[in-house]
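Good morning, colleagues. In the next few minutes I should like to discuss a ligand and the site that holds it. Please have the sequence and the structure in view as I speak.

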Amino acid sequence: MEIVITETPEVAAILAADIVERALTTIATPVLGLATGTTPLATYRELISRHVESGLSFVAARVFLLDEYVGLPRDHPAAFRQVIAREFTDHIDLPMTGLHSPDGPAADIAGAANDYERALADVGGVDVQILGIGSDGHIGFNEPSSSLGSRTRLKTLTSKTRIDNARFFDDDIDQVPHHCLTQGIATILEARHIVLLAFGESKACPLTRAVEGPITAMVPASALQLHPHVTVLVDEAAATELSYADYYRETFENKPHWQTF
Ligand code: PGA
């Protein structure tokens with residue numbers, strides 16, 4: 001894992017946008033894996049401004065979301081497909097047919113999970129996956145105890161995640177669904193390049209456990225240690241508990257000029 005500590009989330013967002021831009025400009029039909037939540041929003045804003053100001057094009061891209069709530073109507077403002085459209089894809093030139101998300105409202109959830117795995121396989125997998133980390137260490141909605149070999153499936157949300165996400169439901173936890181359809185950990189690990197973003201002191205503990213702790217189903221993000229190409233972009237606040245922070249800084253400062261992320 002390459003761990004980069006930046007002064008602010010905005011600097012990290014520029015680096016993440018650089019990685020996405022490189023995929024968009026070097027891969028004929030790039031496949032982007034996107035996360036929702038607050039963490040990646042600065043990256044999406046940066047990409048929107050590159051689209052508007054410099055013509056960065058998403059016309060050949062396909063986007064796959066990590067997860068979706070089960071039990072929300074399709075047009076609910078907190079449904080992740082609505083969120084990503086509102087915050088990002090409505091503001092770029094991604095074709096309507098290019099946005100894919102797990103079909104949380106489907107009557108046949110197991111069938112929807114299989115369809116999503118098939119859709120990912122049909123496009124040859126994800127080139128760049130943007131990830132956040134939950135305060136309980138989840139990636140996607142793979143909560144603690146998720147199998148490290150899991151594929152897209154129904155999951156039950158922890159009460160911690162439901163409390164964290166109540167802010168998207170008028171601060172009313174009773175409105176937060178109990179279930180979701182999420183890419184599994186093994187599904188996520190198939191992305192060719194993973195960019196994990198973590199900002200703020202509330203992420204210091206889960207990030208440190210993910211990056212420096214043992215690989216365990218109790219910290220699903222720790223499975224990223226098994227992946228050969230992960231870039232971890234964190235701000236100073238999220239880096240406070242890292243015991244090798246100086247080493248990560250030194251590595252980044254001495255990065256050979258020919259080496260990209
Ligand atoms: P956040 O969520 O970006 O809103 O903190 C991250 C996550 O739950 O994966």
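The ligand sits in the largest pocket. I should say at once that this is a predicted model.

Let me begin with the pocket itself. The space in the largest pocket comes to about 510 Å³. Its lining is made up of 26 residues, and those closest to the centre of the pocket are G37, T38, T39, I133 and K203. In terms of character, the lining comprises twelve polar residues, nine nonpolar and five charged.

Which secondary-structure elements each supply at least two residues of this lining? They are β4, spanning 67–70, and α5, spanning 159–165. Of the elements, α5 gives the most, contributing three residues to the lining.

I turn now to the ligand. Around the ligand we find G37, T38 and T39, then G132, I133 and G134, and finally H138, R167 and K203. This shell divides into six polar residues, two charged and one nonpolar.

How far are oxygen atoms of the ligand from the polar atoms of these residues? I shall take three contacts in turn. For K203, an N or O atom of the side chain lies 2.6 Å from an oxygen atom of the ligand. For R167, an N or O atom of the side chain is 2.8 Å from a ligand oxygen. With T38 the partner is a polar backbone atom, at 2.9 Å from an oxygen atom of the ligand. As for burial, the ligand taken alone exposes 280 Å², and the protein buries 83% of that area.

To draw these points together: K203 is among the residues closest to the centre of the pocket, and its side chain also makes the 2.6 Å contact with the ligand. T38 is likewise among those central residues, but contacts a ligand oxygen through its backbone. Thank you for your attention.

Key
Residues are numbered from 1 along each chain as its sequence is written. This is a predicted model: local features need pLDDT of at least 70, side-chain atom pairs count only at pLDDT 80 or more; totals for chains, interfaces and linings use all residues. Side-chain values use heavy atoms; hydrogens and water are left out. On a 1 Å grid over the protein atoms alone, a cavity is a set of points where a 1.4 Å probe fits but cannot get out, and a pocket is an open set with protein on both sides within 12 Å along at least five of seven lines; lining residues have an atom within 4 Å of a point. Grid points are joined across faces, edges and corners, and a volume is the space filled by probe spheres set on the points. Helices (H or I, at least four residues) and strands (E, at least two) are DSSP runs, numbered from the N terminus. Ala, Val, Leu, Ile, Met, Phe, Trp, Tyr, Cys and Pro count as nonpolar, Asp, Glu, Lys and Arg as charged, and the others, Gly among them, as polar. A residue is near a molecule or strand if one of its heavy atoms lies within 4 Å of it. A polar contact is a pair of N or O atoms within 3.5 Å; within protein, one must be able to donate a hydrogen and the other to accept it, and residues adjacent in sequence count only if both atoms are side-chain atoms. Accessible areas come from the Shrake-Rupley method with a 1.4 Å probe; for residues, only the protein chains shown count as cover. A molecule sits in a cavity or pocket if more than half of its atoms lie within 2 Å of its grid points.
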